[in-house]
Each structure stands twice: as C-alpha cells, then as structure tokens.
Amino acid sequence: MWLADGWRDYEVLDTSSGEKLERWGNYILVRPDPQVIWDTPRRAPEWKKKNGHYHRSSKGGGEWEFFGLPEQWDISYPVSSLAEGGVRELRFHLKPFSFKHTGLFPEQAVNWEWCSGIIFNEKKKNPGREIKVLNLFAYTGGATAACAAAGAAVTHVDASKGMVTWARENAQASGLADAPIRWLVDDCVKFVEREIRRGSHYDGIIMDPPSYGRGPKGEIWKMEEKIYPLIKLCTEILSKEPLFFLINSYTTGLQPAVLSYMMNLEIVGRFGGEVRADEVGLPVGRGSIKAGGTAPEFVLPCGASGRWLR
C-alpha cells in the first residue's frame with residue numbers, strides 16, 4: 001500500500017462505527033467512511049471536541065452540523081520530493097460542502113509526491129526540456145499544483161466551473177499564480193478527443209475520475225463503462241518519450257489488479273515501461289512518522305491507484 005504519511009496539517013486520529021475522526025489544521029471533523037465497519041471504543045478525546053460532524057441520512061446524502069467551524073480555512077502540505085530544490089509548501093483552501101467533502105483528498109498526497117518527483121528529476125537531468133502534463137477530472141488541483149511546482153506546464157481539466165475556480169485559488173495560495181497552468185472547464189473525454197484531432201501531446205497524464213458523474217452539458221460518466229476507452233484515447237496524446245501515467249480510483253470493485261491490467265494492455269504494449277498498482281492509504285493515530293509522530297495504529301485504505309513509469 002502507498003501511504004500518504006507526509007502531512008503535518010492533517011491526520012486521522014481515530015475510527016469507529018462507520019466514521020473517522022480527523023484533524024484538518026486546527027479543526028476537528030467527524031465524517032463517515034464506508035471502510036470503517038468496526039465498532040471500537042472511541043478513546044481519542046477529540047471525539048468530544050469536534051468542530052464539524054457530517055451526519056449521513058438513511059435516505060441518502062446527509063448534512064453537516066457545525067461547532068465553531070469557519071466557512072473556510074487553509075492547510076498546507078510540504079512536498080518532500082521537491083526538497084532538493086527547497087521544499088515547496090502547497091496551500092489549500094478548505095470548506096465543508098455537500099456529500100461530506102472538504103475540497104481535498106489528503107491520501108492523494110502520495111501521488112502528488114510521485115508525479116512531482118518524476119518531473120523534478122527529469123528537469124534536473126534535462127533543464128531545457130518542457131514537460132507537459134494533463135490533469136483530467138482535476139478537482140481542486142492538488143496534483144496540478146504539485147506538478148507545476150516541480151516545473152511542468154499543466155493543463156487542468158474539470159467539468160465543474162466551481163472546482164476549476166477553487167483549484168486556481170489553491171494554486172495562487174501556493175505561490176503558483178504565474179505558473180504555466182491552463183484552466184479548462186470541459187468534459188474530459190471530449191477534450192481528449194479534440195486534443196487528438198489537434199495533434200496535441202503530453203509527457204504525463206493524471207486522471208482521478210469519479211465513479212459516476214455528469215459533464216457540463218449533462219454527459220453521463222460511469223467509471224466501469226468509460227475508463228478503459230478513455231485510457232485508449234489518452235495513449236494517442238502521449239508524447240514520443242512520455243514520463244508517466246497515473247490513474248486513481250475510488251470505485252468499488254475496480255481493484256489495483258484491474259487498473260494494472262488495463263494499463264499494461266494499452267500503455268506498456270505501446271511505450272514499454274512498467275506498471276505498478278496498489279491501494280492508497282492514510283495512517284491512523286499517533287501522527288505522521290515523517291512529521292515526528294510514532295508508528296500508526298493501522299492504515300485506513302482509501303481507494304487504489306495505477307502508475308505507469310517509462
């Protein structure tokens with residue numbers, strides 16, 4: 001499992017009865033998590049000091065209950081893969097919104113480290129090379145910021161105008177206002193199809209597709225039906241010497257082995273290289289080892305990722 005253990009401003013403090021207790025900077029949140037199927041004693045004192053609690057409804061969805069939580073606050077993440085060039089602190093605006101989210105998936109930090117490390121090392125070897133990265137279903141731009149901080153020119157694509165605006169604000173907060181980032185509100189599949197016709201190419205591709213979603217014009221996305229055709233399309237816009245390809249999945253049933261098979265079939269067969277796929281997780285309890293904590297009590301699984309490296 002790939003562990004996102006480099007956080008200082010975030011940690012999972014405890015888990016019990018379908019919920020996880022988290023520290024986001026100075027604030028404590030309780031949110032539902034489908035992986036937490038155990039019923040263990042809630043010993044962490046922070047359960048009684050929460051600033052926000054998302055209550056899931058038996059009819060679907062749910063609602064927040066707040067206890068002194070601001071409408072928006074910030075946390076930062078130090079990208080250790082960029083330490084040689086001076087650690088870049090990425091900064092993110094957070095706010096609670098529908099369906100329990102805060103605007104950030106902290107487990108994805110382990111993938112930010114991987115992508116930015118590849119870009120940083122390639123720029124170190126070949127300073128004059130322009131590295132172009134495409135980030136699809138890019139949400140609030142954690143991977144976009146990490147890749148831009150490493151020296152890449154990034155095309156950030158998401159179907160939600162609000163998410164793209166939020167991502168741009170995160171980039172500005174991270175000192176990347178002048179970085180070469182294209183911010184696009186578009187249907188990801190249709191964008192890739194147009195890029196093929198335009199003859200555009202990218203050295204790295206990142207995608208974090210939802211299990212189910214709708215495009216800006218009502219286009220329906222179902223992960224199980226759309227992901228393999230999209231991988232095939234994306235191989236048409238990889239450059240002659242691409243660096244990496246990353247797929248992240250939160251879809252139940254789309255296991256690491258499935259991601260590995262699809263990427264081996266479509267990418268390795270054409271470009272060579274190697275695919276690795278595994279679960280992504282967060283340490284629970286006792287803080288991040290990298291941030292001075294002790295060994296975690298256990299690791300909470302948070303989806304799967306497939307990585308291709310040339």
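This is a short tour of aromatic pairs, nonpolar cores and a few paired strands in a predicted model.

**Aromatic pairs**

The whole structure contains 15 aromatic pairs. Start by selecting tyrosine 27 and tryptophan 73, whose rings meet edge-to-face, with 5.5 Å between centres and 65° between the planes. Tyrosine 27 belongs to strand β4 (residues 27–32) and tryptophan 73 to strand β7 (residues 73–79), so this contact ties together parts 46 residues apart in sequence. Tyrosine 27 is partly exposed at 22% relative accessibility, whereas tryptophan 73, at 7%, is buried.

Next select phenylalanine 105 and tyrosine 250. This pair is tilted, at 5.3 Å centre to centre and 35° between the planes. Phenylalanine 105 sits in the loop between β8 (88–94) and α1 (109–125), and tyrosine 250 in the loop between β15 (244–249) and α6 (256–271); the pair therefore ties together parts that are 145 residues apart in sequence. Phenylalanine 105 is partly exposed, with 23% relative accessibility. Tyrosine 250 is also partly exposed, with a relative accessible area of 31%.

Then show Trp7, Tyr10, Trp24, Tyr77, Phe92 and Trp112 together: ring pairs link them into a cluster.

**Lysines over rings**

Select tryptophan 166 and look over the face of its ring. Lysine 95 lies there, 4.7 Å from the ring centre. At phenylalanine 99, the residue over the ring face is lysine 100, at 5.9 Å from the centre.

**Nonpolar cores**

In soluble globular proteins, nonpolar side chains tend to be buried together. Which residues touch the most other members of the largest nonpolar core? They are Trp7, Trp112, Val133 and Phe244, in a core of 54 residues. Colour α1 as well, since this helix gives the most to that core, with 8 residues. Another core lies apart from it and has 29 residues, including Leu134, Ile205, Ile237 and Leu238. Trp7 and Trp112 can be kept selected from the ring cluster.

**Strands β4, β5 and β6**

Return to β4 and add strand β5 (residues 52–56): the two pair in the parallel sense over 2 bridges. Leucine 29 has glycine 52 of β5 as its bridge partner. Now add strand β6 (residues 62–66), which pairs with β5 in the antiparallel sense over 5 bridges. The bridge partner of glycine 52 in β6 is phenylalanine 66. Glycine 52 thus has a bridge partner in β6 as well as being the partner of leucine 29.

Finish at the turn. β5 and β6 form a hairpin with 5 residues between them. Select glycine 60 in this turn, where phi is positive, at about 105°.

How values were computed
Residues are numbered from 1 along each chain as its sequence is written. This is a predicted model: local features need pLDDT of at least 70, side-chain atom pairs count only at pLDDT 80 or more; totals for chains, interfaces and linings use all residues. Side-chain values use heavy atoms; hydrogens and water are left out. Rings of Phe, Tyr and Trp (its six-membered ring) pair if their centres lie within 6.5 Å; planes under 30 degrees apart count as stacked, over 60 as edge-to-face and the rest as tilted. Helices (H or I, at least four residues) and strands (E, at least two) are DSSP runs, numbered from the N terminus. Buried means under 20% relative accessible area, exposed over 50%, partly exposed in between (1.4 Å probe, protein chains only). A charge sits over a ring if NZ of Lys or CZ of Arg is within 6 Å of the ring centre and within 35 degrees of the ring normal. A nonpolar core is a set of buried Ala, Val, Leu, Ile, Met, Phe, Trp, Tyr and Cys residues joined through side-chain atoms within 4.5 Å. Two strands pair if DSSP finds at least two bridges between them.
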